[in-house]
Structures are given as structure tokens and as C-alpha cells.
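Grab your viewer and work through these exercises with the model open. Try each task before you read its solution.

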Amino acid sequence: MSNWKIPKVSPSEITPQEVYHSRREFMRLGAGVVVGSTLPSSLLAGEKLPNLVKSNYELTDKLTPLADITHYNNYYEFGTDKESPAKTAGSLKTRPWTVAVEGEVHKPKLWDIDSLLKLAPLEERVYRLRCVEAWSMVIPWVGFPLAELIKRAEPTGNAKFVEFITLNDPEQMPGVRSPVLDWPYREGLRLDEAMQPLTLLAVGLYGEVLPNQNGAPIRLVVPWKYGFKSAKSIVRIRFVEQMPQTSWMKAGPSEYGFYSNVNPEVDHPRWSQAKERRIGDFFKRQTLPFNGYAAQVAQLYTGMDLQKFF
Ligand SMILES: Nc1nc2c(c(=O)[nH]1)N[C@H]1C(S)=C(S)[C@@H](COP(=O)(O)O)O[C@H]1N2
Ligand SMILES: [Mo]
């Protein structure tokens, strides 16, 4: 039903980004015009998202081709191979889908995914994604700031952190039958990080509904942190007072810190983080502090020892 239709050719054989660039010009003409209520009632993978707002979050970096973004994935619920999620995530049922917003908030709510899609204008934002494994991509996401959802939840004075809990369904997800991680996949942010305008809830990419392997129907994108902070297929957002435990911290506390800000000066215990390979490139490039977003986010960490709070 919701199979993501990609021709079975190698990524280098097709250049969807060329087709896409002409469409982006077209979308730019419509920038600012938002009619959220015209969204179809239910959107499935591969369908075009209407009425996208062009945002200021543009990059001059070359976009990673769609075929690479959708065929080189980390989504351990669908297997640990990069190629595995594209093959097996097609069966993930993304409707009906709810996201529970709960914990230290004045207005807890069980959101239906289709209401969430209409909560705020859907923006297109091109962000760099830097995986902790030292590769990176440039992805044109579609989504809305997490802050929009947080404002509506009205966090109490006790809310200091936000915990993200994702789907854990052995019926649909072959990967959760093996204990590679402590399921469900959990992530967390400090409340001010979650409120930072760059922090996105993504529901699409390349102008279309998010493919299942990229975290449909809704996933987090935190561009200044390593990719694993960007939890896929979220079902619960909980506001808490204490720093939450995350699946990766539990798997390797010395390797995956809570903050996990991209930092070329703090190596992973088993490899350097100084450089990265942009998918599609031959040569490695320098990794930038905060993945290139230092101007926007460095002040969130003033006074903190980033070697200690890695
Ligand atoms: N639920 C869940 N979310 C996840 C992961 C995962 O295994 N499960 N992998 C993370 C990692 S390590 C990365 S690099 C990004 C990859 O996102 P992408 O496949 O859309 O590029 O998703 C993150 N979110
Ligand atoms: Mo990653």
C-alpha cells in the first residue's frame, strides 16, 4: 500500500535532483502562501506535499541524490545494513498513527498524525546530516519546527528535557527481534535544544511524503548533532525533569553522549570525528563544529566543557 516507488537502478544512474531543482523554482513562486486545510486527509510515502513554504534555511551545498538518501539508511528496527531499511520498511503501516505528547505539560494531547501535519505551515529546509560513523548527506527536508508543537503543549516549570520514543512493533519491524539496541529506540534533548528554531519535525523530503525508511510518518531532525539524535517514526514525546536515558547511551555510554553535538575535536573512542565523507564524494572533507551550525547554536552551550559533555 505505502511502498516507496524507486526504480531499481543504482543511485548513480538517475539524477532526481535535476528534476527536483526545476520543481523548487516552481515552489519558490508559491512561497508564503499556506493553506494547511487543503492537505489531503491522508498522505502516503512518495506523494507530493502541497503548499510548501520556502524557508530561510538554505544551503549552497549540493543536495544528496534522492536515491542515496532513501537507500543508505540507519534504521536498526529494519536491520543494521544500510541497504536493509529500503528493502524491508515498505511494510510499515503509517496510518492510523498517533503521537502522544505527555509528561510535564499543561496540555497533554494524543495527536493524530493528520492533525499534526496541519499544526503549522510545512517548510522545506535543506540541512546537513552528519552521521556518527563519519559520513554525511545534504537533505531537503519538509517539516515544521518542534517548537510549534512544544508551545501548544505548554511545558510546566518542571520540564527540563524532552524524551522521544519511537515505534517498537516486532510484527512490523524485523530488527527489534534482535537486541542490538534497547527497544524502543529512545532519544532526548534539553528543552532549550528542542525549542531551538533549527530543530525540525520532518514529515517529508524532496517535496514528498517521507519514505518509510527515512522515519515515516514523522521523525526528528537536529542538524547540529550526530544523526542518531534524529529519532525516526516517533510515537511519544514526553517532557521530563531529569535527563532521559537514550538507547545509544545505554548501548555505549563512553561512545554516545547525551549531547552528541557534532565536534571535530572530540573523537569517538574507536575513530576520529575530524573528517567526514559526503555521500557521493571521493575525498573526505573537514567536519565543522556543530556541523556548520555554530552561529545558531553554540550559545546554548556556553560555559560547558564539551569534552566532558560530549
Ligand atoms: N528509530 C530510529 N531512528 C533513527 C535510527 C534508528 O536506527 N532507529 N538511526 C539514526 C541514525 S544513526 C541516523 S544517521 C539517522 C539516519 O537518517 P536517514 O536514514 O534518514 O538518513 O537516523 C537516526 N534515527
Ligand atoms: Mo548515524
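Below are three exercises, each with a worked solution.

A word on conventions: this is a predicted model, where local features need pLDDT of at least 70, side-chain atom pairs count only at pLDDT 80 or more, and totals for chains, interfaces and linings use all residues. Residues are numbered from 1 along each chain as its sequence is written, chains are lettered from A and ligands numbered from 1 in the order in which they are written, and side-chain values use heavy atoms, with hydrogens and water left out.

**Exercise 1.** Find out which residues are closest to ligand 1.

Solution. Start with the shell: 16 residues surround ligand 1 (a heavy atom within 4 Å counts). The closest are Asn73, Tyr76, Glu77, Ser230 and Lys232. Next, pick out polar contacts, meaning pairs of N or O atoms within 3.5 Å. A nitrogen of ligand 1 has a polar side-chain atom of Glu77 2.8 Å away. For Ser230, a polar backbone atom sits 2.8 Å from a ligand nitrogen. Lys232 puts a side-chain N or O atom 2.7 Å from a ligand oxygen. Finally, check the cover: alone, ligand 1 exposes 540 Å², and the protein buries 99% of that (Shrake-Rupley method, 1.4 Å probe).

**Exercise 2.** Look up which residues UniProt lists for "binding site", then place Cys131.

Solution. The unreviewed UniProt entry lists ten-odd familiar faces, including Asn73, Tyr76, Glu77, Cys131, Ser230 and Lys232; such annotations may be inferred rather than shown by experiment. Now for Cys131: look in the loop between β4 (123-130) and β5 (135-145), with strands being DSSP E runs of at least two residues.

**Exercise 3.** Track down the backbone oddities: which residues do the cis peptide bonds join, and where is phi positive in a residue other than glycine?

Solution. Recall that most residues other than glycine have a negative phi, and most peptide bonds are trans. One cis bond joins Arg95 and Pro96, with omega about -10°. Pro96 is in the loop between α3 (84-88) and β2 (98-103), where a helix is a DSSP run of H or I of at least four residues. Another cis bond links Ala216 to Pro217, omega about 0°, and Pro217 lies between β9 (208-209) and β10 (219-221), in the loop. Last, Tyr206 has the positive phi, near 50°; Tyr206 lies in the loop between β8 (200-205) and β9.

Note on methods: Polar contact = N/O pair within 3.5 Å; in protein donor to acceptor, adjacent residues only side chain to side chain.
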